[in-house]
Amino acid sequence: MLFKQKVLEGIADGSVTLAFRRWKRCAVRPGSRLRTGAGVVEIDSVAEVAEDAVTPEDVRRAGYASLEELRKELARYPDGALYRIGLRLAGPDPRTALRERGVLDAREAAEVRRELARIDKAGRRGPWTANLLRLIQELPATPAAVLAERLGRDTAALKRDVRRLKELGLTESLGTGYRLSPEAPPW
């Protein structure tokens, strides 16, 4: 689930505790956890609802000023059932702590390099991690499609690979594109 910045801010301060989505098939279940810009969001409840059952209180708890604003957003996705999703902030994103852990000492940098070597060895296309990290370092805030083209890769596959690097605390997503985390070892 993606959230707009205004909604993420509401989740962070506790004023947003609901979300509404229209899906052909429900994409979350209670107990699911999502990493977001606000931190880890836990799904508390999921229920299919009729649009006319959405109350003004629901609208407010979802971060919308009016039912019309919510309907306008939902109109972008006309197919599927409407789901009412209870959610809450469960804590900080652990990747943030990885990115902010400070300058890596030699042992920590060696551990990161070993993990990258393991990822490269396990992949079918051979080593790719250092090339992608160097390109992100050279071209921060560059759209994924441009990075993928530069590397002769599929955009969706490149995005998956960037997420793997993010799990190690090496990259950060920006509004457009990515950058290396400040404490990432030099590539």
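Which residues of helix H6 (residues 129-138) are buried?

**View 1. Buried residues of helix H6 in the predicted model.** Thr-129, Leu-132, Leu-133, Leu-135 and Ile-136 are the buried residues of this helix. They lie on the same side of H6, because they cover an arc of only 160° around the axis. Their packing partners are three helices, H5 (106-122), H7 (144-151) and H8 (155-167), together with strands S5 (171-173) and S6 (178-180).

**View 2. Salt bridge between Glu-69 and Lys-6.** The closest N and O atoms of the two residues are 3.5 Å apart. The pair links distant parts of the chain, with Glu-69 in helix H3 (residues 67-74) and Lys-6 in helix H1 (residues 5-13), 63 residues apart. Glu-69 is partly exposed at a relative accessible area of 29%, and Lys-6 is partly exposed at 49%.

**View 3. Salt bridge between Glu-167 and Arg-35.** The N to O distance between these side chains is 2.4 Å. Glu-167 belongs to helix H8 and Arg-35 to strand S2 (residues 33-36), so the salt bridge ties together parts that are 132 residues apart in sequence. Glu-167 has a relative accessible area of 33% and is partly exposed; Arg-35, at 42%, is also partly exposed.

**View 4. Salt bridge between Glu-111 and Arg-107 within helix H5.** The side chains meet at 2.2 Å, N to O. The two residues are four residues apart, about one turn of the helix. Glu-111 is partly exposed, its relative accessible area being 38%.

**View 5. Network of Arg-33, Glu-42, Asp-44 and Arg-88.** These residues are joined into one network by salt bridges that share partners. The structure holds 16 salt bridges.

How values were computed: Residues numbered from 1 in each chain as written. Predicted model: local features only at pLDDT ≥ 70, side-chain atom pairs only at ≥ 80, totals over all residues. Heavy atoms only, no water. Buried < 20%, exposed > 50% of the residue type's maximum accessible area, 1.4 Å probe, protein only. Arc of directions from axis to C-beta. Contact = heavy atoms within 4.5 Å. Salt bridge = Lys/Arg side-chain N within 4 Å of Asp/Glu carboxyl O.
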